[in-house]
Every structure is written in C-alpha cells, then in structure tokens.
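Good morning, and thank you for the time. Please take a moment to look at the model before I go through its features.

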Amino acid sequence: MNLPVMEHVRMNTNKNHRTGSLALALAATLASLAGPAHAMEDDAIFQATRIEVDAGRSDSKIIAAWRADGWIGTDYNRFAWRTEGSRRDGRLEDAEVQALYSRYVAPFWDLQLGLRRELKPAARNYGVIGMRGLAPYAFDVDVAAFVRSDGRLFARTRAEYDMLFTNRLIARPFVGIDWAARSIPSDGIKAGATSSEWGLNVRYEITRVVAPYLEIGRRWQRGTDGDAGANSVRAGLRLVL
C-alpha cells in the first residue's frame with residue numbers, strides 16, 4: 001500500500017475513533033441526566049382529595065352525611081386520611097377519622113396502616129391494616145381490619161363501580177359491610193356481619209371537580225336486640241380536588 005493511501009486510512013481511523021469517543025461521552029452524559037430525572041419523577045409530590053356531602057330522608061327522618069378521603073405523597077409512599085359521619089334529626093349519630101400510611105405494593109393496590117378514631121357513638125381508638133385498590137374490571141375495593149384498644153377485632157369491606165352513561169353522567173352501585181369477630185353484648189354487637197349498606201349513586205359531572213348527585217340506598221343493622229333496616233334518598237355534592 002502506498003504512503004498516501006496509508007495516510008488516508010489512518011486519518012479515517014482517527015476520525016472514527018474520535019466520533020465513537022464523542023458518541024460514548026454523549027451517551028454517558030444523557031444517562032447521567034436521565035437517572036436523576038427518573039428519580040425526581042419517583043420523588044415528585046402529588047395529592048388528591050374527594051369530598052361528598054349530602055342530605056335527605058330515611059324513613060320519614062331527616063338525615064345528613066359526609067364522606068371524605070385523600071392522600072399526599074409520591075407514587076410509592078403516601079399519607080392517606082379519611083373521615084365520615086352522619087346526622088339524624090339534627091343529632092350526630094356516628095363519626096370517625098383515620099390517619100394512614102399508604103404504601104404501593106402492586107399495580108393499582110396500596111397497603112395501608114394507621115389509626116382510626118371513632119368519635120360517635122362512643123370515643124374509641126383502633127389500629128388499622130387494610131388494602132385498597134382496583135380489582136379486575138375496575139371495581140374499587142377497600143378492605144380493612146380494625147383492632148380496638150380493648151383487643152376486640154372488627155373488619156370493613158366496601159366495593160363500588162363506576163358505570164359511564166356519558167362522559168358526565170355516571171352511575172355508581174356500591175355495597176359496604178361491617179363485621180365483628182365476636183359478640184359484644186355490652187355494645188349490642190353480634191358476631192359476623194353487624195351492618196351493611198348498599199345502593200346506587202348517580203352523579204353528573206359539571207366539571208371533573210364538581211358533581212351533584214342523587215343517591216338511593218338501603219341500610220341494615222344487626223344487634224343483640226334484633227335486626228333493623230331503613231331506606232334512604234339523598235341529594236348531595238361531590239368535589240374532587
């Protein structure tokens with residue numbers, strides 16, 4: 001091979017080497033930038049809040065209720081809270097609040113641990129462990145076990161499902177059941193299912209934030225003195241913040 005040809009080969013080789021080195025350096029730089037960016041996405045703080053307030057009638061009595069829950073945190077670790085309660089004929093009938101640590105454990109499922117404070121009908125404290133998420137076919141499922149401060153064990157299950165008639169008109173059938181592991185005569189509680197509530201909630205989303213709704217439900221209560229049931233019709237407002 002003559003000298004000009006060899007020199008030309010060496011120049012191309014050096015050029016390719018420099019180009020390859022530049023490409024490797026650029027790839028390393030992009031990788032170093034992508035790593036922190038991904039970490040920043042995982043550590044980003046988000047929040048959500050849902051509030052429902054309604055009023056209506058149940059067996060000729062005036063009733064009102066509230067339900068609210070929310071969370072703040074990252075995709076994996078969150079502080080979650082919830083509260084609910086009801087009034088009947090102007091008197092506070094039941095009320096509670098929960099503070100929970102919520103940990104992502106599987107797609108669409110969170111494990112929750114924390115405390116529950118019952119304000120009415122009696123002031124009591126509970127430890128909480130539960131799971132909340134989306135079951136197959138997009139059923140919203142909430143299952144929790146409660147250990148009362150006196151060692152009594154209770155549980156609560158709730159499931160609901162959104163059926164879209166249009167993008168704004170949504171029907172949500174729901175069912176919830178409370179359980180007791182043992183009978184507690186002093187509290188009027190029998191072992192097994194102690195109460196249940198099921199019905200249909202129909203809302204119209206004026207926006208994704210504001211939605212008035214109409215709810216028809218049936219509540220059943222089981223105690224040592226016998227069973228009792230009541231139907232209810234409520235009108236309310238749902239806010240998602």
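This is a predicted model. I begin with the second largest pocket, whose lining comprises 11 nonpolar, 5 polar and 13 charged residues. The volume of this pocket is about 810 Å³. In total 29 residues line the second largest pocket, and those nearest its centre are Arg50, Trp71, Arg132, Leu134 and Asp140.

Which elements build that lining? At least two residues each come from strand 1, strand 2, strand 3, strand 4, strand 5, strand 6 and strand 13, the last of these covering residues 226-240. Strand 3 provides the largest share of the lining of the second largest pocket, with 4 residues.

Two of the residues named a moment ago, Arg50 and Arg132, lead to the next topic, since both also belong to a network of salt bridges. The full membership of this network is Arg50, Glu52, Asp54, Arg67, Asp69, Arg132, Arg158, Glu160, Arg172, Glu215, Arg234 and Arg238. Over the whole structure, the search returns 27 salt bridges.

Let me take three of these pairs in turn. In one, the side chains of Asp69 and Arg132 form a salt bridge, at 3.0 Å from N to O. This pair joins distant parts of the chain: Asp69 belongs to strand 2, residues 61-73, and Arg132 to strand 6, residues 124-135, with their positions 63 residues apart in the numbering. Is Asp69 buried or exposed? Its relative accessibility is 12%, so Asp69 counts as buried, the cut-off being under 20%.

Another salt bridge pairs Glu160 with Arg172, and here the closest N and O atoms are 3.8 Å apart. Glu160 is in strand 8 and Arg172 in strand 10, 12 residues apart, and this pair too links distant parts of the chain. Both partners are buried: Glu160 has a relative accessible area of 9%, and Arg172 stands at 3% relative accessibility.

The remaining pair of the three is Asp178 with Arg156, whose side chains meet in a salt bridge at 3.2 Å, N to O. Asp178 is in strand 10, residues 169-180, while Arg156 is in strand 8, residues 153-160, and the two are 22 residues apart. What is the accessibility of each partner? Arg156 is buried, with a relative accessible area of 18%, whereas Asp178 is partly exposed, at 23%. The cut-off for buried is under 20%, so the two values fall on opposite sides of it.

I turn now to enclosed space. How many cavities of 30 Å³ or more does the structure hold? There is 1 such cavity, and the largest cavity contains about 40 Å³ of space. Its lining consists of Arg82, Gln98, Leu100, Gln112, Val128, Gly130, Met131, Asp142, Val143 and Ala144. Strand 4, strand 6 and strand 7, the last spanning 139-148, are the elements that give two or more residues to this lining. By class, the lining of the largest cavity divides into 5 nonpolar, 3 polar and 2 charged residues.

On the surface there is a nonpolar patch made of Met163, Phe165, Leu169, Leu200, Tyr204 and Ile206, which together have about 550 Å² of accessible area. Within this group, Met163 is located in strand 9, residues 163-164. Met163 is partly exposed, having a relative accessible area of 35%. Membership of a patch requires over 30% relative accessible area, so Met163 passes that cut-off.

Finally, some remarks on the backbone. Where is the cis peptide bond? The bond from Lys120 to Pro121 is cis, and its omega is near 5 degrees. Pro121 sits in the loop between strand 5, residues 109-120, and strand 6.

Two aspartates also deserve attention for their phi values. Asp59 has a phi near 50 degrees, which is positive in a residue other than glycine. Asp59 is found in the loop between strand 1, residues 46-58, and strand 2, and is partly exposed at 45% relative accessible area. Asp89, also not a glycine, has a positive phi of about 50 degrees. The loop that holds Asp89 runs between strand 3, residues 77-88, and strand 4, residues 91-106. Asp89 is partly exposed, with a relative accessible area of 47%.

That concludes the presentation, and I welcome discussion.

Technical notes. Residues numbered from 1 in each chain as written. Predicted model: local features only at pLDDT ≥ 70, side-chain atom pairs only at ≥ 80, totals over all residues. Heavy atoms only, no water. Salt bridge = Lys/Arg side-chain N within 4 Å of Asp/Glu carboxyl O. Buried < 20%, exposed > 50% of the residue type's maximum accessible area, 1.4 Å probe, protein only. Patch = residues over 30% accessible without salt bridge, like charges linked within 9 Å, V, L, I, M, F, W, Y side chains within 5 Å. Areas by Shrake-Rupley, 256 points an atom, 1.4 Å probe, with all protein chains shown as cover. 1 Å grid on protein atoms, 1.4 Å probe; cavity = no way out; pocket = protein on both sides within 12 Å on 5 of 7 lines; lining within 4 Å. Points joined across faces, edges and corners; volume = space filled by probe spheres on them. Nonpolar A, V, L, I, M, F, W, Y, C, P; charged D, E, K, R; others polar.
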